[in-house]
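Student: I should like to work through this structure by question and answer. Could we begin with its charged contacts and then turn to its interior?

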Amino acid sequence: MAESPTILVIGPRWVGDMVMAQCLFSALGELHPNAAIDVLAPAWAAPLVKRMPEIRRQVDLPLKSGALEFRMRRRVGRLLRGHYDIAYVMPGSWKSALVPFFARIPRRVGYLKEMRYGLLTDIVALPDDVKRRTAQAYFGLAQGGTFHAPKLAVDTKNQAALLGRFGLEAKKFVALMPGAEFGPAKRWPSDRYAGLARDMMEKGFAVALFGSKNDADVTAEIATLAPGAVDLAGQTRLEDAIDLIAAARIAVSNDSGLMHVAAAVGTPIVAVYGSTSPHNTPPLAEQRELVWLGLSCSPCHRKICPLGHLNCLNTLEVAQVAAAVERLLEMPAAA
């Protein structure tokens, strides 16, 4: 194999997972210092991947979420023939291994997962204790190197322009991320976020609400209950959210992609957990607080509460999260 291999990584399809994927990218860069590393991912991931210095470029995979689209995967694979020495397949699905197979990449590395014999050439053992620990599982595919927490680059010029545009001042506002693409069993109720927002504004902080267009109904409800909060849901690009969250004094989030973004830009983060576990997908931040009731029915890892009560989040009071915020605020602000 070449001393400076060209590497194709088949990336994940969620924001948080793509952030955690940097644990693999940095390990591969350490193991192969002169390698060219590309990522095959949906177009939405491009702004995120550009903030990772380990990556040379993103290769767009124009597929609908969850779709097999066998012919498209074969077409993309054939277009990539002769360009790569190694492929690392991060998702566990059978279909995720098709592109590097059709590309005839000599080494195709991944976990067995959906019985991918033949599609992969190097099957990596997946220890039971890391099966749900996403960042550690991704790092394990490298089979060497050093584990580093994700660290996204920040565009300070774009950041300054955005702060001016939305009337925010660096390190004097709190970023709240109340959405969760996974489902309602990850979302702390809107009225609790609104109570926290009012508490923060009473303490002299501005409050900014972040999310995609899909979160707009939730953030609008919070903004109504907490007059003065700046609702940015659907008004920022992914790269804008990265830069603005990096300017926040502190962030509060459900277990979501933006939670991992906050950790990766060094913003102190309070992470609220419901149906998932903070032991599996914690924000990899130096300054963090993990708030989880740890009920007997948790974690169930369901999108919708199977018991119908969602007590893991509905019984979590504002005071408990506010106390976690206060503990982080007592620490020196990040530079």
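Tutor: The model before us is predicted. R327 and E289 form a salt bridge, with their closest N and O atoms 3.1 Å apart.

Student: Which elements hold R327 and E289, and how many residues apart in sequence are the parts that the pair ties together?

Tutor: R327 belongs to helix α13 (residues 318-329), whereas E289 belongs to strand β12 (residues 288-291). The salt bridge therefore ties together parts whose separation in sequence is 38 residues.

Student: Is E289 buried or exposed?

Tutor: Buried means a relative accessible area under 20%. Its partner R327, at 41% relative accessibility, counts as partly exposed. For E289 the relative accessible area is 16%, so this residue is buried.

Student: Which residues are joined into one network by salt bridges that share partners?

Tutor: A salt bridge here requires a side-chain nitrogen of Lys or Arg within 4 Å of a carboxyl oxygen of Asp or Glu. By this rule the structure has 13 salt bridges. Those that share partners join into one network the residues D38, R56 and R57.

Student: In the salt bridge between D128 and K131, is D128 buried or exposed?

Tutor: The closest N and O atoms of D128 and K131 are 3.1 Å apart. K131 is partly exposed, at 47% relative accessibility. The cut-off for exposed is over 50%. D128 has a relative accessible area of 63%, so D128 is exposed.

Student: Why is helix α2 largely enclosed by the rest of the structure, and which elements are included in what covers its buried residues?

Tutor: Helix α2 spans residues 22-31, and seven of its ten residues are buried, so the rest of the structure largely encloses it. The buried residues are Q22, C23, L24, F25, S26, A27 and L28. Their cover includes β1 (6-10), α1 (15-20), β2 (36-41), β4 (86-89) and α6 (134-140).

Student: Which element gives the largest share of the lining of the largest cavity?

Tutor: The largest cavity holds about 40 Å³ of space, and its lining consists of V19, M20, P150, H260, A263, A264, P282 and L284. Two elements, α1 and α11 (257-264), each give two or more residues to this lining. The largest share, three residues, comes from α11.

Student: How many residues of that lining are nonpolar, polar and charged?

Tutor: Ala, Val, Leu, Met and Pro are among the residue types that count as nonpolar. The lining of the largest cavity includes H260. By class, the lining residues divide into no charged, one polar and seven nonpolar.

Conventions
Residues numbered from 1 in each chain as written. Predicted model: local features only at pLDDT ≥ 70, side-chain atom pairs only at ≥ 80, totals over all residues. Heavy atoms only, no water. Buried < 20%, exposed > 50% of the residue type's maximum accessible area, 1.4 Å probe, protein only. Helix = DSSP H or I, 4+ residues; strand = E, 2+ residues; numbered from the N terminus. Contact = heavy atoms within 4.5 Å. 1 Å grid on protein atoms, 1.4 Å probe; cavity = no way out; pocket = protein on both sides within 12 Å on 5 of 7 lines; lining within 4 Å. Points joined across faces, edges and corners; volume = space filled by probe spheres on them.
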